[in-house]
Amino acid sequence: MTIIKILPHPEYCPDGRTLEVPAGTSICEALLDNGVEIEHACDQVCACTTCHVIVREGFASLSEMEENEEDMLDRAWGLEPHSRLSCQAILSNTPVTVEIPKYSINHAKENH
């Protein structure tokens, strides 16, 4: 098990949250499984950037980034050195802290 701390986001997680999830889970799966409805327009297949997160702590503990993810991240709004697509970032046993960016490139949000 590992701990994910989610920093407050006005829409998805206004008060922030701390989750305990199994290692080997993607950040996106962990958030969705625990009621944090982060966008994921491509259904978690690394074909968009709507699930972009910034890993504020624990970045080095995540699975290695593959070339396809690197290419997709170039299109993400608010890209930072510790940005990941949450659908591709697999958790280890090390705690992580993530920030969901204020915006995404998805102009037609799902479920809205």
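Biologist: What pattern does the chain follow, read along the sequence?

Modeller: The order is β-β-α-β-α-β-β, made up of two helices and five strands. Helices (H or I, at least four residues) and strands (E, at least two) are DSSP runs, numbered from the N terminus. This is a predicted model, in which local features need pLDDT of at least 70, side-chain atom pairs count only at pLDDT 80 or more, and totals for chains, interfaces and linings use all residues. Residues are numbered from 1 along each chain as its sequence is written, and side-chain values use heavy atoms, with hydrogens and water left out.

Biologist: What makes the chain as compact as a globular protein of that length?

Modeller: The globule rule is 2.2 Å times the number of residues to the power 0.38, and the radius of gyration is taken over C-alpha atoms. For 112 residues the rule gives 13 Å, and the radius of gyration of the chain is 13 Å, close to that value, so the chain is as compact as such a protein.

Biologist: Why is C46 not bonded to the closest cysteine sulfur, in C87?

Modeller: A disulfide is a pair of cysteine sulfur atoms within 2.5 Å. The sulfur of C46 lies 5.4 Å from that of C87, which is too far for a bond. C51 is likewise in no disulfide, the nearest cysteine sulfur, that of C87, being 3.8 Å away. The structure holds zero disulfides.

Biologist: Why does C51 count as buried?

Modeller: Buried means under 20% relative accessible area, exposed over 50%, and partly exposed in between (1.4 Å probe, protein chains only). C51 has 2% relative accessibility, and therefore counts as buried. C46, at 6%, also counts as buried.
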